[in-house]
Protein chains: 2
Amino acid sequence: MSNTKGYAAYSPSEDLRPLDFDRREIGPKDVKIKIAYCGVCHSDIHFAHDDWGMTQYPVVPGHEIIGHVTATGSDVTKYNKGDLVGVGCLVDSCGECPSCKDDLEQYCQTGMVLTYGSPDPVMGGVTHGGYSTQIVVTEDFVLRVSDKLDTKAVAPLLCAGITTYSPLNYWKVGKGQKVGIIGLGGLGHMGVKFAVAMGAEVVMITTSPDKGKDARHLGAHEVLISIDEEQMAANAGTFDLLLNTIPVQHDLNPYIPLLKVGKTMVVLGASPVDLHTMGLAFGRKSVAGSLIGGIRETQEMLDFCAKHNIVSDVEMIKMEDINTAWDRVMKADVKYRFVIDMTAFQ
Amino acid sequence: MSNTKGYAAYSPSEDLRPLDFDRREIGPKDVKIKIAYCGVCHSDIHFAHDDWGMTQYPVVPGHEIIGHVTATGSDVTKYNKGDLVGVGCLVDSCGECPSCKDDLEQYCQTGMVLTYGSPDPVMGGVTHGGYSTQIVVTEDFVLRVSDKLDTKAVAPLLCAGITTYSPLNYWKVGKGQKVGIIGLGGLGHMGVKFAVAMGAEVVMITTSPDKGKDARHLGAHEVLISIDEEQMAANAGTFDLLLNTIPVQHDLNPYIPLLKVGKTMVVLGASPVDLHTMGLAFGRKSVAGSLIGGIRETQEMLDFCAKHNIVSDVEMIKMEDINTAWDRVMKADVKYRFVIDMTAFQ
């Protein structure tokens, strides 16, 4: 582990055991969780590299956490020892602002507490995430996980899953609608699965015919090659929603004409984008953002997954393989999410 | 009149009489209008200069037309000779696509017919607009104008008016809402008047304290100086809608934090913009476009103006002053709309 700016969290030259701070006492409303699996999110890398200029080292990334309850505080009512639970991107929020009262803790107006890298209101310093063997979280930010699903493949639902489920849910995707998922990676593959399960006609929009094939295996009904101008023109004005999962700066303008009048492209990446407003004007169209989901919606998403037998497609890794995994994430060389197996430490 | 690309429609060295093609026979559903006033819109200049790459010369601009009916076709039922009427940016549309059936002719999917510069389905060539003494338009695209209002100041309602009214109406602005109008020009001054009349708390957002004062005279309740970071921070998360009337490329990012969770900035200019999606994500916010309004909504806007005694603030010019006026429009040196007096030719 290094605290040098821009350095990955783990290095083969250092002690490979995951950190176990075991530093937070179990408060009355706290749940202690032994971590079994933790998904690897692109944000982990951005954060460890301080790409967003907000990192405090040392960093313990990880916000796609699955594990079992090992202890509960005296006032905990929702969980018992042994329960299978999850923790996503949030571990606390103010609970009092309009967003929190609307179950939108991700838009907390005094500042949500991220699972890692946020000022820690309980312990001081910053919060530490799921690249670890255990975590203590207040019960209101712990999610119930069905044991009907493949547990290790549930982990990425806590970020990649809710990030795509929330906009599909908010913009009321359902039967009779045509939904485009732009880009096929960790987010895109979940977007396809959810939109299909919600009953929409789902189109994978990609530059790559190979990704098109993969998307069909995931359930997409059609493939639209975004660099084929004829195909794009033939699909103009036909989409009820576009979910854009491209994680880097790119040109939004070619996608806008695909939307029907009055419809929206939700951009999930956090980057500058190229946009000309003329395309929005001709059709009263919108470009929107969306950030993960609140705790109630995340639980709803997990329950939806249990009902529809939805999990992520994952590749399991050991903790010591994390740097290789990060390199592969940077090259988009994973179908579709790495998950760290923490059970080796238990 | 010149057909040289990039040249203004009229030149002092040429014959100054406005064109009077008088070329369209009055069809059964047509209304012939003697033009009394025509507003000067920034689009006229863009079009004459072929800034959008779609101009066919010669150009007769003008889409803020007020006049009196001088003749009607045999099947016209809505208008009689002598009626005070208006014509805005549209003179026809397909009438059959979903947008037209929804009274959204401005989003016609086979292509609306713009008042000037569109392929003319009746006469061939391109349509010619209101910098003229008369115009023939099918009655469904003619608007009824109240004679209670100052007629010459009604002209700009046909474009600047409906362009701001439509988004305020669509996004349901009303009492209890805080609405920001960004920029004070032809559009911005109408945005202030409408939002005030709709009952909202209206904030003029501008770089210029002088424009702030002017906006207060127009009815704005508050002024927010957009280059004052403290003021901007103090207003973060408080706006229900932002109406951005800045007509040139600019950075949208400083305005996004002003919006409440889930709210929208409507950008009325047609230009590239600088946008980072991170700002949209933190609050599920949107950037939207909007284009004028349909005929039904334009009539509703004119009726709203008659009820609330709303007109544009105008400066009257003669036809031969058009080039000076255009130069002043380019310098934003007009409060807030030039209107050409065509009555001199009658």
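This is a short tour of a helix pair and a sheet in a predicted model.

**Stop one: a helix pair in chain A**

Start by selecting residues 160–170 of chain A, which form helix 4, and residues 186–197 of chain A, which form helix 5. Their axes come within 8 Å and cross at roughly 50 degrees. That angle makes helix 4 of chain A oblique to helix 5 of chain A. Turn the view to look at the handedness: the crossing of these two helices of chain A is right-handed.

Now show side chains. From helix 4 of chain A, pick A:A160, A:G161, A:T163, A:T164, A:Y165 and A:L168. They meet A:G186, A:L187, A:M190, A:G191, A:F194 and A:A195 in helix 5 of chain A. Coloured by class, this contact shows seven nonpolar, five polar and no charged residues.

**Stop two: the sheet**

Next, bring both chains into view and select the strands in this order: 10(A)-9(A)-8(A)-11(A)-13(A)-15(A)-15(B)-13(B)-11(B)-8(B)-9(B)-10(B). These twelve strands form an open sheet with mixed pairing. At the edges you will find strand 10 (222–225) of chain A and strand 10 (222–225) of chain B, each with a single partner strand, so one side of each has no neighbour in the sheet. On average, neighbouring strands are turned by 20 degrees against each other, direction ignored.

**Stop three: inside chain B**

Zoom in on strand 8 (residues 178–182) and strand 11 (residues 239–244) of chain B, which run parallel and are joined by four bridges. Here B:I181 stands opposite B:L243. Finally, add helix 5 (residues 186–197) of chain B, which packs on the sheet and touches strand 8, strand 9 (201–206) and strand 11 of chain B. The direction of this helix makes about 170 degrees with that of strand 8 of chain B.

Methods. Residues numbered from 1 in each chain as written. Chains lettered and ligands numbered in written order. Predicted model: local features only at pLDDT ≥ 70, side-chain atom pairs only at ≥ 80, totals over all residues. Axes fitted to C-alpha atoms, helices over the stretch in contact; angles between N-to-C directions. Parallel < 35°, antiparallel > 145°, perpendicular 65-115°, else oblique. Left-handed = near helix turned anticlockwise from the far one by under 90°. Contact = placed C-beta atoms within 7 Å. Nonpolar A, V, L, I, M, F, W, Y, C, P; charged D, E, K, R; others polar. Pairing = 2+ DSSP bridges.
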